[in-house]
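Biologist: I am new to this structure and would love a close look at a single part. Could you walk me through one helix and its surroundings?

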Amino acid sequence: MKVDYPKSSTNYAASVINNNTTKEYTNDIREEMQDKYPETIASFKDVTQVMLELFSVKQSCYGPGNISMGGNKELALLALSIRMNDKVQRLLNILHDRNGDNPMENSESIEDTFMDLAVYGVIAMVVFKDKWGK
């Protein structure tokens, strides 16, 4: 089934996903993408499952306190942004110097760095929605 997509906008995807009356529409889109790109969708599901497992293990070690910043949402989001920036800077450093001599590349892989960025992004969304630690 070919889905008729409206003109795109920055907030379109979020508005479709958050609007319960469009679940049939989003199901159609997901099914179309799964039919068109089965390996991509399967890999996406695998990666997000690994993200959930990684997050769960780290949460069991750290708990929510290291993110919550005493309940100050703005400070928590700022701290997450700083952590994400640190990861981006690390990633840029590794990618810039790919000759194998970069000791940072041996301590954490590029894949690990991207995974951490993705998990931090999800954590930021949970904090943003006031669901952190609940």
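Modeller: Gladly; what follows is a tour of helix α7 and the residues around it. This is a predicted model, in which local features need pLDDT of at least 70, side-chain atom pairs count only at pLDDT 80 or more, and totals for chains, interfaces and linings use all residues. Residues are numbered from 1 along each chain as its sequence is written, and side-chain values use heavy atoms, leaving out hydrogens and water.

Helices are DSSP runs (H or I, at least four residues), numbered from the N terminus. Helix α7 covers residues 110-128, and its 19 residues should span 27 Å at 1.5 Å a residue (the expected span is 1.5 Å times one less than the number of residues). Its end C-alpha atoms are indeed 27 Å apart, which agrees.

Among the buried residues of α7 are Ile110, Leu117, Tyr120 and Val127; buried means under 20% relative accessible area, exposed over 50%, and partly exposed in between (1.4 Å probe, protein chains only). Leu117 is 8.9 Å from Asn85, C-alpha to C-alpha, although 32 residues separate them in sequence. Asn85 belongs to helix α5 (residues 73-96) and is partly exposed, with a relative accessible area of 40%.

Just after α7, Asp130 takes a positive phi of about 60°. The segment after α7 also holds Trp132, which counts as buried at 13% relative accessibility.

How values were computed. Helix = DSSP H or I, 4+ residues; strand = E, 2+ residues; numbered from the N terminus.
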